[in-house]
Amino acid sequence: MIDPKLLRTDPELLRRSQGARGESVALVDELITADETRRSLIAAFEKLRAEQNQIGKQVAKATGTEKTTLLDRTKQLSLDVKAANNASEAAEAKFTELLKAFPNLVFDDVPLGGEDDFRVLETIGAPRDFLAEGFAPKDHLELGEALGAIDMDRGAKVSGSRFYFLTGVGAQLEFALINLAISKALSWGFTPILPPALVKASAMEGTGFLGQAAQDVYHLPNDDLYLVGTSEVALAAYHSGEILDAASLPRNYVGYSPCFRREAGSYGRDVRGIFRVHWFDKVEMFVFCDPENSHAEHQRLLGYEKDFIAALELPFQVLEVAAGDLGMSAARKYDCYGWVPSQGKYREITSTSNCTEFQARRLDIRMRDDNQIRPVATLNGTLCAMTRMIIMLLENHQQSDGSIYVPVALRQFLGMDIIKSAD
């Protein structure tokens, strides 16, 4: 959550951020009013409690009529204190509810607008001219089925729409991508973690996934547990309620987990193949750092994503996401979009977000530095979302005979230079 002190010290910053996101600026005024009410009621409660304590001391020394008067006042104060306490707790609860609904503050230089208003920062590599090579590119599903790598029909039979099986070389491709991603992350100094895919509500809420993203979350009501849509959730909550030594920062983790998303609101979109599915596996980077270093850490994560995509010899673009398309927790977000030959356009394959202190405040993760205790910053970055990276490999590296060229970096993990037809 945001620092509540900003309501009193810089409310215009909050208004600018809400305006940039295209969200309610009135929420700032609601929060300011709720904060004033909360602090006023707490002060009233504390004043009554102080009087109650003072009279309690006087009663012990008083006698006769004075003692009777003080005892009567004590009875009334007891009722007043209880009422004041209830009022202050209700005001605190309302304030906390509003504060948790308030998204992270967007950096002032983030581009304005919505989903289509991103800023292209860089284009790396060039799409192949398949027609110049003498053939039209096939899409990933046609290629995957011919190679015995993807089985959508049995996925639907077993689990329903937007589920799939990776079979044969398709499964081998995922294992190879996992090994390449983890190998690179280890060389960059990340600690590997296999996190749980089921988490408590506190982890989901703490990372901001029970806000605007709640419609995409799978919930198991009998257990009150949630299936994660990204291992970011478990990795962020890993240090919840802890105070980290500043000397131990940054802490770099790389997690591998299944991810589950309802894809609510995407009805009819990308229904063919494995681009938009309800389950996929992903390697995710996560960093805890001093907030003063969050900008540099964000650039570092983006650099690792670019390195990984380039190693797979894929053409891609780096985008800065517009304020209106940011998730609740992000103050800034970069996406990498890979080229999809069958669609003739770039599509999202990785993202990295600077969540500043927002998640850490919600999860109570702090750092101790020179006897000062303050919130850390958290950042996340996709290294490899398996299904989308498999799409990129199949489509961009397809050959005229239906075989697939294997990038040099992947060969040691896949054990082949060319993926040939299953026939």
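This short talk walks through the core, the enclosed space, one pocket and two local sites of the structure above.

Please keep in mind that this is a predicted model, in which local features need pLDDT of at least 70, side-chain atom pairs count only at pLDDT 80 or more, and totals for chains, interfaces and linings use all residues. Residues are numbered from 1 along each chain as its sequence is written, and side-chain values use heavy atoms, with hydrogens and water left out.

Let me begin with the interior. The largest nonpolar core has 59 residues, where such a core is a set of buried Ala, Val, Leu, Ile, Met, Phe, Trp, Tyr and Cys residues joined through side-chain atoms within 4.5 Å, and buried means under 20% relative accessible area with a 1.4 Å probe, protein chains only. Helix 8, residues 169–187, gives the most to this core, with nine residues; helices here are DSSP runs of H or I with at least four residues, and strands are runs of E with at least two, numbered from the N terminus. Leu177, one of the residues with the most contacts inside the core, is in contact (heavy atoms within 4.5 Å) with Phe308, Leu312, Cys384, Met386, Met389, Ile390, Leu393 and Leu410, leaving aside neighbours within four places in sequence.

Now to empty space. A search of the whole structure finds one cavity of 30 Å³ or more, a cavity being a set of points on a 1 Å grid over the protein atoms alone where a 1.4 Å probe fits but cannot get out, with lining residues having an atom within 4 Å of a point. About 40 Å³ of space lies in this cavity, and its lining, which includes Leu173, Leu393 and Leu410, divides into nine nonpolar, no polar and no charged residues.

The second largest pocket holds about 340 Å³ of space, a pocket being an open set with protein on both sides within 12 Å along at least five of seven lines. Of its 18 lining residues, Leu6, Asn104, Leu105, Thr356 and Glu357 lie nearest its centre, and helix 11 (294–311) and helix 12 (358–363) each supply at least two.

Finally, the two local sites. In helix 2, residues 11–21, Leu14, Ser17, Gln18, Ala20 and Arg21 are buried, and they lie on the same side of the helix because they cover an arc of only 160° around the axis, taken from the directions from the helix axis to the C-beta atoms. Ser351, found in strand 13 (residues 345–354), is buried, with a relative accessible area of 12%.

Definitions and conventions. Buried means under 20% relative accessible area, exposed over 50%, partly exposed in between (1.4 Å probe, protein chains only). Grid points are joined across faces, edges and corners, and a volume is the space filled by probe spheres set on the points. Ala, Val, Leu, Ile, Met, Phe, Trp, Tyr, Cys and Pro count as nonpolar, Asp, Glu, Lys and Arg as charged, and the others, Gly among them, as polar.
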